[in-house]
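Here are some notes for you to keep beside the structure as you look around. They go one topic at a time, so feel free to jump about.

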Amino acid sequence: MSQTTNGPDNGPGNELDNGAYRTSLGASVDWGLLALILPTLAALTQPVGTLNGETLSWFGGSMAPMFLIGVVLTVVGGRTAPSRRKGAWVELAGVVMAWLLPLHLLNEGVDLSAGWGVWLFLIAAILLLWRVLGALSAAPGWTRSVVVPGLFGLGLLVAWEVLVRGFQVPAILLPAPSRIAGALAQHAPVLWDDFGQTVLTSVVRGYVMGCGAGFAVAILADRVPFLARGLLPLGNLASAIPVVGIAPIMVMWFGFDWPSKAAVIVVMTFFPMLINTLAGLASAERIQLDLMRSYGAGYGRTLVKLRLPNALPFLFNGLKINSTLALIGAIVAEFFGTPVVGMGFRISTEVARMNLDIVWATITVAALTGSGFYGGLALLERATTAWHPSMRQR
Amino acid sequence: MHSPSPPHASGATVRQAPAAPIVQAKNLSLIYPTADGKPVTALSEVSLTIAKGDFVSLIGPSGCGKTTLLRVIADLERPTAGTITVEGLTPEQARLKRLYGYVFQAPALYPWRTVERNVMLPLEIMGLSRAERQARAREELGRVGLAGFERKFPWQLSGGMQQRASIARALALKPDLLLMDEPFGALDEITRDHLNLHLTQLWRGTGKTCVFVTHSIAEAVFLSTRIVVMSPRPGRILDVIDCDLPRERTLDIRESPEFAAIAHRVRDGLKEGHSYDD
């Protein structure tokens with residue numbers, strides 16, 4: 001009886017299913033290719049740009065045909081590759097080649113702002129990248145979790161570069177990423193000093209004080225119910241306070257150096273930590289608490305063995321929210337008075353002097369710091385709360 | 001081995017066996033205040049004596065106070081009137097001395113601990129050495145058939161295995177008294193039969209006293225030496241039925257006429273309770 005319902009029947013059935021799956025995938029791939037070919041054909045009818053005031057066509061003496069042929073070869077190679085994933089890597093080379101074309105033409109001194117041939121060609125390249133990412137995101141492990149988002153971000157950066165340079169956007173409005181990278185390298189010592197003042201001094205100290213105080217008061221408020229009742233409405237009030245309002249006051253109270261920035265950060269981070277910790281402590285289930293009671297465990301044991309581990313996902317939530325709040329708080333507070341160093345100070349003074357490159361470089365440092373801080377906490381969270389339903393690996 | 005017994009045992013115990021009572025409750029009442037001003041009577045004048053080595057089932061419909069009675073024995077609730085002793089002590093003293101093991105309706109395993117570390121939890125609180133904790137956890141997990149699952153997390157186990165792990169956790173305290181609150185209520189019938197057989201063998205093998213809350217007649221008759229039939233509104237004891245099947249039981253016993261006769265008596269008792277309802 002069990003033999004007829006189990007083993008032999010399932011085998012052929014699965015193979016049939018797989019076969020049907022392959023056929024439908026093959027059919028959809030052709031449609032994708034067609035969508036690529038149409039803009040490419042349209043692109044060939046348009047000029048690639050203007051050189052010395054004269055319109056330059058695809059076959060007007062530039063190297064453009066070489067790029068075109070290269071891309072076509074990779075697409076053909078991708079179609080004939082032994083597996084979809086290997087094909088995707090070959091097609092990725094085609095995407096790179098397509099995006100090198102405008103950079104090459106720009107270096108030759110070609111004006112791309114009227115070169116619709118190039119822009120249509122790039123649209124086709126974006127569709128090709130779409131196909132590549134679609135295929136790669138089906139792959140397990142690092143390819144999906146690191147390579148795909150990495151390629152996505154890189155694609156955005158390259159598009160930014162090409163659009164800004166191709167349409168000659170003034171650097172004062174929006175510099176190209178390469179120019180920002182240049183400014184980063186050129187002003188590295190200044191940026192490092194700013195980073196040290198703002199992040200390593202103000203943010204770290206303010207963050208530790210704010211989160212630590214929020215956590216400690218939450219533990220206290222958990223034992224003293226009227227504290228929780230009194231403080232929670234204040235939390236709503238505090239979250240509505242504008243940073244630009246309290247920052248100048250804190251500068252008056254605590255002076256120009258880091259203590260005033262740390263104070264602003266404490267005001268911003270204290271209540272999110274308090275509220276999240278209280279919610280976490282309240283999240284232990286009755287049955288889990290009864291269990292501890294049945295063991296004759298007192299308040300302290302119950303806190304350490306049950307309630308705090310159980311609250312970890314909430315604690316990390318608070319820490320992650322605060323990581324971005326702290327950085328914003330420090331930078332904004334520096335607008336209102338600081339020793340002549342710091343990321344907020346740099347932005348406010350260099351904007352006034354129209355040195356937008358340094359401003360963008362500082363913004364980049366801030367963005368990288370913020371996401372690094374957040375990402376680090378997220379990794380730590382994954383390591384310590386792997387048991388939580390939202391983190392469990394299937 | 002155990003503390004001196006109280007001076008006099010109640011009638012039921014004298015008839016049952018000469019063993020000393022491990023739980024003795026007299027005229028227990030528990031009334032909850034509620035928000036709408038109408039207090040709920042969860043227990044009303046409940047008197048019960050449980051002798052050492054007994055397997056006592058509390059059976060009755062929902063709301064009859066069977067879980068409340070178990071929680072009063074465990075000092076998870078305080079009675080509003082009446083007296084109760086556990087091993088001659090107040091329930092609070094018994095709880096603080098960790099004289100009982102409690103198995104809840106749900107496994108209540110902590111998901112951040114492995115199965116083994118869950119079983120070690122009460123032992124950590126008792127302050128046993130690491131080696132001792134590990135030895136006991138291994139022993140009890142082996143006893144409930146979970147050897148080899150020490151390093152798994154609870155959520156990687158099936159519901160039946162989780163509940164077995166929670167039984168191992170209760171046994172790790174090495175209590176004389178095991179309090180079980182519908183431990184198999186959420187499991188499918190096949191798993192439940194299997195665990196019932198396992199439990200009756202465990203009880204016979206260890207000589208512990210068990211108090212077992214259930215609303216399954218078959219489960220109660222199969223496991224118990226005595227069955228306490230309870231009735232709701234207000235929660236009270238209707239009948240205490242001796243279940244004098246041989247102590248060594250297999251699942252086949254459920255087909256015997258003796259089994260059917262006792263089950264019939266339990267069912268009659270439950271019906272009597274329901275006649276008070278509309």
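**Notes for a first look**

1. Let's begin in chain A with a pair of helices: H8(A) and H11(A) cross in the right-handed sense. Helix H8 of chain A covers residues 188-223 and helix H11 of chain A covers residues 258-281. Their axes are 6 Å apart, and the packing angle is about 35°. If you sort the residues where H8(A) touches H11(A) by class, you get 20 nonpolar, seven polar and three charged. Do keep in mind that this is a predicted model.

2. Stepping back to the whole of chain A, the domain assignment splits the chain into domain 1 (2-169) and domain 2 (183-384). Taken over C-alpha atoms, the centres of domain 1 of chain A and domain 2 of chain A are separated by 43 Å.

3. Another helix pair in chain A is worth a look. Helix H14 (residues 343-352) of chain A packs against helix H15 (residues 356-384) of chain A, with the axes 9 Å apart and an angle of about 155°. Angles over 145 degrees count as roughly antiparallel, so that is the label for H14(A) and H15(A). The crossing of H14(A) and H15(A) is left-handed.

4. Which residues make that contact between H14(A) and H15(A)? On the H14(A) side they are Met343(A), Arg346(A), Ile347(A), Glu350(A) and Val351(A). H15(A) answers with Ile358(A), Val359(A), Thr362(A), Val365(A) and Ala366(A). By class, the contact of H14(A) with H15(A) comes out as seven nonpolar, one polar and two charged residues.

5. Now for the place where the two chains meet. Chain B puts 17 residues into the contact and chain A puts in 15 residues. On the side of chain B that touches chain A, helix H3 (91-96) and helix H4 (115-126) of chain B each supply at least two residues. H4(B) gives the most to this side, with three residues. The class count for the side of chain B that touches chain A is 15 nonpolar, no polar and two charged residues.

6. Chain B has an open sheet of three strands, in the order S2-S1-S4, and the pairing is antiparallel. The edge strands, each pairing on one side only, are strand S2 (40-51) and strand S4 (81-86) of chain B. On average, and ignoring direction, neighbouring strands of this sheet are turned by 15° against each other.

7. How many bridges join S1(B) to S2(B)? There are eight between strand S1 (residues 21-32) of chain B and S2(B), and the two run antiparallel. You can pick out a couple of matched positions here: Pro21(B) has Ala51(B) as its bridge partner in S2(B), and Leu28(B) stands opposite Val46(B). S1(B) also pairs with S4(B) in the antiparallel sense, over five bridges. There, Ala25(B) has Ile84(B) of S4(B) as its bridge partner.

8. Chain B also has an open sheet of six strands, in the order S5-S6-S7-S3-S8-S9, with mixed pairing. Strand S5 (100-103) and strand S9 (236-242) of chain B are the edge strands, and each pairs on one side only. Neighbouring strands of this six-stranded sheet are turned by 15° against each other on average, direction ignored.

9. At the S5(B) edge, S5(B) and strand S6 (residues 177-181) of chain B pair in the parallel sense over four bridges. Gly101(B) stands opposite Leu178(B) in S6(B). H6(B) packs on this sheet and touches S5 and S6 of chain B, its direction making about 170° with that of S5(B).

10. H6(B) has a helix partner too. The axes of helix H5 (residues 130-143) of chain B and helix H6 (residues 159-172) of chain B come within 9 Å and cross at roughly 135°, so H5(B) and H6(B) are oblique to each other. H5(B) passes H6(B) in a right-handed crossing. From H5(B), Arg136(B), Ala137(B), Glu140(B), Leu141(B) and Arg143(B) meet Ala168(B), Leu171(B) and Ala172(B) in H6(B). By class, this contact of H5(B) with H6(B) has five nonpolar, no polar and three charged residues.

Terms used. Residues numbered from 1 in each chain as written. Chains lettered and ligands numbered in written order. Predicted model: local features only at pLDDT ≥ 70, side-chain atom pairs only at ≥ 80, totals over all residues. Domains from an automatic or database assignment. Pairing = 2+ DSSP bridges. Axes fitted to C-alpha atoms, helices over the stretch in contact; angles between N-to-C directions. Parallel < 35°, antiparallel > 145°, perpendicular 65-115°, else oblique. Left-handed = near helix turned anticlockwise from the far one by under 90°. Contact = placed C-beta atoms within 7 Å. Nonpolar A, V, L, I, M, F, W, Y, C, P; charged D, E, K, R; others polar.
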